[in-house]
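The following paragraphs lead through the structure displayed below. They begin with the packing of helices and end with single residues.

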Amino acid sequence: MTYPYIVQADLEQRISAERLKQIYDDNNDGTVDTDPIARLCKDASAKVAGYLRGVYDLAVIAADPPEEVIRLTLDVAVAYAAQRHPEYVKRDWEKLMRAAESDLMRLRKGETRLDVVSTPEPAANEGGSVVSTTVDADGQPGRIFDDMGDF
């Protein structure tokens, strides 16, 4: 397993320790419960990994997550936290998640990049058209296949 990309300290820096306690103190003992926080970190990281899979080498990313991966994972985690207790986050979790997913999709499509120094960065020449110069059985010219996006 290559997760998580974030830990509780990252969440505390993003939304504050007090807010985290409000959302994840399920047994009301005054401290953040570690199991739900661990689950949140794993779930948010899994969602980000789902977008990175097949484009980046997840083992390289997990070994030293780039700041952009951490940011995106925190964006997803905050959306999940807002879904759990919107009265404490006070932001629409669906809008937060849509924004995070939009950023993740742009990364997946190569519109943005992680600029990782080692091997996981995808080739800059992805996509394009493929043209066949052959003639089919009816004497028609070959087909042109434009960038069909993700399948």
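In this predicted model, the axes of H3 and H5 approach within 9 Å of each other and cross at roughly 125 degrees. That angle lies outside the ranges for roughly parallel, roughly perpendicular and roughly antiparallel, and the two helices are therefore oblique to each other. The crossing of H3 past H5 is right-handed. From H3, the contact is made by Pro36, Leu40, Asp43, Ala44, Ser45, Lys47, Val48 and Leu52, while H5 contributes Val69, Leu72, Thr73, Val76, Ala77, Tyr80, Ala81 and Arg84. Sorted by class, the residues of this contact comprise eleven nonpolar, two polar and three charged.

H5 also packs against another helix. Spanning residues 67-84, H5 meets H7, which covers residues 93-108, at an angle of about 155 degrees, and their axes are 8 Å apart. An angle over 145 degrees counts as roughly antiparallel, so H5 and H7 are described as roughly antiparallel to each other. The handedness of this crossing is left-handed. On the H5 side the residues in contact are Arg71, Leu72, Asp75, Val76, Val78, Ala79, Tyr80, Ala82 and Gln83; on the H7 side they are Trp93, Leu96, Met97, Ala100, Asp103, Leu104 and Leu107. Twelve nonpolar residues, one polar residue and three charged residues form the contact of H5 with H7.

One of the charged participants deserves separate attention. Which residues does aspartate 75 touch, leaving aside those up to four places away in sequence? Aspartate 75 belongs to helix H5, and its contacts under that condition are Arg14, Ala100 and Asp103. With a relative accessible area of 17%, aspartate 75 is buried, because the cut-off for burial is under 20%.

The discussion now turns to the nonpolar interior. The largest nonpolar core has 37 residues, and those touching the most other members are Tyr5, Leu11, Tyr24, Val48 and Leu52. At least two residues of this core come from each of helix H1 (8-15), helix H2 (17-24), helix H3 (34-52), helix H4 (58-63), H5 and H7. Which helix gives the most to this core? It is H5, with ten residues.

Leucine 52 connects several of these parts. As a residue of H3, leucine 52 takes part in the contact with H5, and leucine 52 is also among the core residues that touch the most other members. Beyond residues up to four places away in sequence, leucine 52 touches Tyr5, Leu58, Ile61, Val69, Leu107 and Arg108.

Proline 66 sits in the loop between H4 and H5. Is proline 66 buried or exposed? Its relative accessible area is 15%, under the 20% limit, and proline 66 is therefore buried. Between proline 66 and tyrosine 5 there are 61 places in sequence, yet their C-alpha atoms are 9.2 Å apart in space.

These details belong to a wider plan. The protein contains seven helices and two strands, which follow one another from the N terminus as α-α-α-α-α-α-α-β-β. Of its 151 residues, 32% count as buried. Among contacts between residues at least 6 apart in sequence, 63% join residues at least 24 apart.

Notes. Residues are numbered from 1 along each chain as its sequence is written. This is a predicted model: local features need pLDDT of at least 70, side-chain atom pairs count only at pLDDT 80 or more; totals for chains, interfaces and linings use all residues. Side-chain values use heavy atoms; hydrogens and water are left out. Axes are lines fitted to C-alpha atoms, for helices over the stretch in contact, and angles run from 0 to 180 degrees between N-to-C directions. Helices (H or I, at least four residues) and strands (E, at least two) are DSSP runs, numbered from the N terminus. Angles under 35 degrees count as roughly parallel, over 145 as roughly antiparallel, 65 to 115 as roughly perpendicular and the rest as oblique. A crossing is left-handed if the near helix is turned anticlockwise from the far one by less than a right angle, and right-handed if clockwise. Contact means heavy atoms within 4.5 Å. Ala, Val, Leu, Ile, Met, Phe, Trp, Tyr, Cys and Pro count as nonpolar, Asp, Glu, Lys and Arg as charged, and the others, Gly among them, as polar. Buried means under 20% relative accessible area, exposed over 50%, partly exposed in between (1.4 Å probe, protein chains only). A nonpolar core is a set of buried Ala, Val, Leu, Ile, Met, Phe, Trp, Tyr and Cys residues joined through side-chain atoms within 4.5 Å.
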